[in-house]
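Here are a few exercises on charge pairs and burial, each with a worked solution. Grab your viewer and try them before reading on.

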Amino acid sequence: MEGLVSVDRFCAGSQAYFLTHLHQDHTRGLASAGGWRHGPLYCSPTTARLLPTRFPGIDASLLRPLAPGASASLSLSSLTSDRPLSLSVTAIPALHCPGSLMYLFRGDLGCMLYTGDFRWERGCDRARRAKQALLDALGGDTVDLLYLDNTYCHPSFNFPPRPVVAEQMVNIIRAHPDHEVIIGVDTLGKEDLLLHISRALQTKIWVWPQRLLTIHLLGIDENHEIFTTQTSLTKIRAVPRYSVNIESLEALNTVCPTIGIIPSGIPWLLKSSEGKAKPKGKSPAKSVRCKGRDEGLVEMDFDPLSPPKLFDKDSYTLPYSEHACFSELEDFMQTVRPSTVVGIVSTSFCYVNPHHHFRHLCSDNNDDGTPIKNKGGDTANLTPKRRQNSSATPEARKVRISSSSLYRSKVIRKRKEGCGARIDDTEELVGVA
């Protein structure tokens with residue numbers, strides 16, 4: 001089915017395309033044979049600067065950089081009635097990684113917000129500004145459909161703020177003065193963490209050449225004072241996350257003492273219903289509380305003086321997450337209060353429907369957590385309600401999402417294959433894929 005707008009979903013058939021950020025699971029399809037040629041591609045200026053290094057075949061004339069806080073107007077053509085459709089989009093900072101954006105769509109198809117991956121921490125000035133930018137862009141209207149980053153949409157996932165965990169990582173490194181250190185990172189993101197470690201320990205950090213190019217394209221360390229590709233200049237190395245494993249650590253320790261650190265929420269441990277952590281491996285995890293910035297006490301599911309081992313004695317995992325934890329998702333839902341919400345993340349090991357936890361913060365839902373079906377006997381579609389002060393008439397703003405079979409199963413199945421959403425105008429349908 002052809003569509004109007006696709007977000008983080010790159011295949012032929014839509015009239016405009018939007019990229020939230022440059023992590024691999026959000027860019028599938030951009031590397032198609034012959035380069036990207038399917039239509040205008042909106043992204044942040046930072047992402048536009050990085051794109052040619054990741055996808056050399058992309059047609060730069062199709063890029064439409066959209067700065068955080070800026071808006072653009074789209075003139076689209078209905079595929080069912082040949083009438084013109086008007087749509088405006090506003091870019092909102094997602095604070096997930098450099099260049100990451102949310103997209104707020106408003107117009108003839110209603111009001112939709114696609115968060116992509118994001119994290120707005122309490123007490124963070126940048127998050128406060130991003131929140132205000134979103135409220136200003138909404139102008140009092142209701143979000144009819146929210147596509148939410150549900151990576152950690154479970155009450156057991158309550159991570160400390162990133163600065164708190166960054167300092168904890170510095171303490172671990174200081175506790176191993178005679179060790180080499182490898183830190184597992186992605187090809188983009190966690191630059192603030194590496195900068196904090198470098199400044200706190202007054203040391204350079206090794207990165208691989210492609211990572212160094214990315215850092216310089218971001219405008220970081222242009223004087224080459226912090227990052228290096230020379231291993232002889234530092235004992236701390238930032239390496240691709242997949243390379244921090246049992247085999248590599250065992251091999252490195254045959255040469256010199258080495259510890260590995262994974263700063264990520266992904267391997268973190270769900271607590272049982274009794275509130276106890278379920279450790280992976282032999283090392284127990286303990287729950288303690290530590291002070292975060294401007295927000296009182298923050299629960300941390302590990303002992304800061306003895307973090308749990310990820311694999312063995314030589315490795316550590318710390319919840320430095322670039323995705324919103326549960327309490328932050330709840331704060332976001334209380335701010336947006338959409339008509340209905342759909343999760344954008346589904347993996348082979350977990351899919352948490354945000355509607356299960358946040359249906360009380362949605363205006364168009366039954367107590368059992370399923371969206372209200374539209375009246376008139378059309379049970380194959382679900383129609384969010386509108387606020388009376390919305391900018392368009394209810395008929396003009398009608399938005400539909402597919403039936404519960406898509407809502408509960410197709411979303412899960414498709415997200416295993418790829419990310420993103422596509423907005424179609426077949427009966428004003430909002431297609432989820």
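**Exercise 1.** Find the side-chain partner of Lys190 in a salt bridge, and say how far apart in sequence the two residues are.

*Solution.* Start with the cut-off: a salt bridge needs a side-chain nitrogen of Lys or Arg within 4 Å of a carboxyl oxygen of Asp or Glu. Lys190 pairs with Glu322, at 3.9 Å from N to O. Next, place them: Lys190 sits in the loop between strand 10 (180–185) and helix 4, and Glu322 in the loop between strand 17 (315–318) and helix 7 (326–336), 132 residues apart. (Helices, H or I of at least four residues, and strands, E of at least two, are DSSP runs numbered from the N terminus.)

This is a predicted model, with pLDDT of at least 70 needed for local features and 80 or more for side-chain atom pairs, while totals for chains, interfaces and linings use all residues. Numbering runs from 1 along each chain as its sequence is written, and side-chain values use heavy atoms, without hydrogens or water.

**Exercise 2.** Are Lys190 and Glu322 buried or exposed?

*Solution.* Buried means under 20% relative accessible area, exposed over 50%, and partly exposed in between (1.4 Å probe, protein chains only). Lys190 comes out at 6%, so it is buried. Glu322, at 8%, is buried too.

**Exercise 3.** Which residue pairs with Asp192, and which helices does the pair tie together?

*Solution.* Asp192 forms a salt bridge with Arg126, with 3.9 Å between the closest N and O atoms. Asp192 lies in helix 4 and Arg126 in helix 2, so the pair ties together parts 66 residues apart in sequence. Arg126 is partly exposed, at 42%.
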